[in-house]
Amino acid sequence: MRVSPLADELAERFARAGHSLYLVGGSVRDALLGRLSSDLDFTTDARPDRVLQIVSDWGDAVWDVGIAFGTVGVTKKGTTLEITTFRADSYDRVGRNPEVTFGDSIEGDLLRRDFTVNAMAIDLVTKTFIDPHDGIDALRLKVLDTPATPQESFADDPLRMLRAARFSSQLGFTAAPRVVEAMTSMASEIERITAERVQAELSKLMLAADPRPGLELLVDTGLADHVLPELPGMRLAIDEHHQHKDVYQHSLTVLAQAIELETAHEPASEPDLVLRLAALLHDVGKPETREFLPGGGVSFHHHEVVGARMARKRLRALKFSKEIVEQVSQLVFLHLRFHGYANGEWTDSAVRRYVTDAGDLLTRLHKLVRADSTTRNRKKAAALQATYDDLEQRIATLKEQEDLNRVRPDLDGNEIMRLLGLKPGPQVGKAWKFLKELRLDRGPLDHDEAVAELKKWAESEGIAPAE
């Protein structure tokens, strides 16, 4: 194992003070996986006040925000270190917050951790590897199991069930059968967890390299029924006489393809939570709008409208930020718009409106629409991509000719008021909106033409232009 020189320095200080120091938890797991990060977690027998004394003149910065839970934070040469006193907490099993009590042994501390792969430690003074729950075997086999029984572990902290799903996606591990069994039987316990904490775990899961295994684990165990019920709700029964795609499986495929396009389609981006949520939820309105048609067809009329409303409601309930809620719901609302493009038959006006309605979401919309093509018919898939290539080229051409990112009426509010003799109020807003619609329909107008159109509109509204 590679041990940070800072860890050695810190261990020496603790040893001189008569205390032990262990690298522990995710830091050990990640080191064994060859991905030791600059954020290191330690545990010690020293009580928090004593830890502060030991590190106060060593760290570049020290903070004690978590000291009530036994944690002292230190930064040194750009590395973040967290040192927590051995814990031996007890839980009331009503909420999630434990009654914090400090322990006296590393073995007791490791027993209370969530999974065996996180219940390994290194004694940094003696350089001894400590693994009382066979975490290294679980790591080798890529299995998620608990140090105590899963029932005890999840009863103490139901959020651990969501962490199991998250680790499935982040690490590519499989939950042990007894863990899956406990998650299934105890799924309703997740109701004890606040929406904010649920959202934080879901966000981490969604930003993982492959969210699909974690999402499937949530659905298969019934946890999703409590935290994201719209996801299992997309598992529509397929009627042999009314063939259509399995919306749930389709949505997972779209999510995977959207993730590929984060880097494959320019401009490339880092893992994008907004795009991924929109990909997962883009068809969330289909179950509510499904209608069987004569002859065996199926329609989902206005599912994008219903879906946008459903996505907004769920993301708000999960306490996502207002910005994420609005961006995801708008992408869900817009994701079908392209299908009216057909063979490039849109007018320039329609292309302008597509760009204007998407606004800052245009790049994400491009990726979402492309990801939404999951047909196995290669010829059909290629045709869809070619058609979207054409639309993107149309957009690029119009952007060169006009500043589509800043479409505004050809006359501003001050000039509207001057020409029509109006004071600030609703009529000015109506006039401004009329001119913007005109700009979208016809492109940029010269000044005299815009003035003439405004006066013509004012006359139809019974507004007498100023002399």
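Two strands count as paired if DSSP finds at least two bridges between them. Helices (H or I, at least four residues) and strands (E, at least two) are themselves DSSP runs, numbered from the N terminus. With that in hand, let's begin at strand S1 (residues 22-24), which is joined to S2 by two bridges, the two strands running antiparallel. Within that pair, Tyr22 has Thr43 in S2 as its bridge partner.

A word on what you are looking at: this is a predicted model, in which local features need pLDDT of at least 70 and side-chain atom pairs count only at pLDDT 80 or more, while totals for chains, interfaces and linings use all residues. Residues are numbered from 1 along each chain as its sequence is written, and side-chain values use heavy atoms, with hydrogens and water left out.

Now follow S2 to its other neighbour. S2 and S5 pair in the parallel sense, over six bridges, and Asp41 finds its bridge partner in Glu82 of S5. Step back, and these strands belong to an open sheet of seven, ordered S3-S4-S5-S2-S1-S6-S7, with mixed pairing. Strand S3 (61-63) and strand S7 (128-130) stand at the edges with a single partner strand each, so one side of each has no neighbour in the sheet. From one strand to the next, the twist averages 25°; angles here run from 0 to 180 degrees between N-to-C directions, and axes are lines fitted to C-alpha atoms, for helices over the stretch in contact.

At the S7 edge, strand S6 (residues 121-123) pairs with S7 in the antiparallel sense over three bridges. One of the bridge partners is Thr128 in S7, which is matched with Asp123. The loop between S6 and S7 holds Lys127, whose phi is near 60°, a positive value in a residue other than glycine. For context, most residues other than glycine have a negative phi, and most peptide bonds are trans.

Helices pack on this sheet too, with contact meaning heavy atoms within 4.5 Å. Helix H1 (residues 5-16) touches strand S2 (39-44), strand S4 (71-76) and strand S5 (79-85), and its direction makes about 35° with that of S5. Helix H3 (residues 48-55) touches S2, S3, S4 and S5, and its direction makes about 15° with that of S4.

Further along the chain, look for a cis peptide bond: it runs from Glu266 to Pro267, with omega near -5°. Pro267 sits in the loop between helix H12 (247-264) and H13.

Which helix does H13 cross at roughly 35°? The partner is helix H18 (residues 362-371), and the two axes come within 10 Å. H13 passes H18 in a right-handed crossing (the near helix is turned clockwise from the far one by less than a right angle; anticlockwise would be left-handed). Val274, Leu275, Ala278 and Ala279 of H13 meet Arg364, Lys367 and Leu368 of H18. By class, this contact has five nonpolar, no polar and two charged residues, where Ala, Val, Leu, Ile, Met, Phe, Trp, Tyr, Cys and Pro count as nonpolar, Asp, Glu, Lys and Arg as charged, and the others, Gly among them, as polar.

H13 also takes part in a cavity, meaning a set of points on a 1 Å grid over the protein atoms alone where a 1.4 Å probe fits but cannot get out; lining residues have an atom within 4 Å of a point. Grid points are joined across faces, edges and corners, and a volume is the space filled by probe spheres set on the points. There is one cavity of 30 Å³ or more, and the largest cavity holds about 70 Å³ of space. Its lining has 10 nonpolar, no polar and no charged residues, among them Leu202, Met206, Leu277 and Phe320. Helix H9 (195-206) and helix H13 (273-281) are the elements giving two or more residues to this lining, and H13 gives the most, with three.

Methods:
On a 1 Å grid over the protein atoms alone, a cavity is a set of points where a 1.4 Å probe fits but cannot get out, and a pocket is an open set with protein on both sides within 12 Å along at least five of seven lines; lining residues have an atom within 4 Å of a point.
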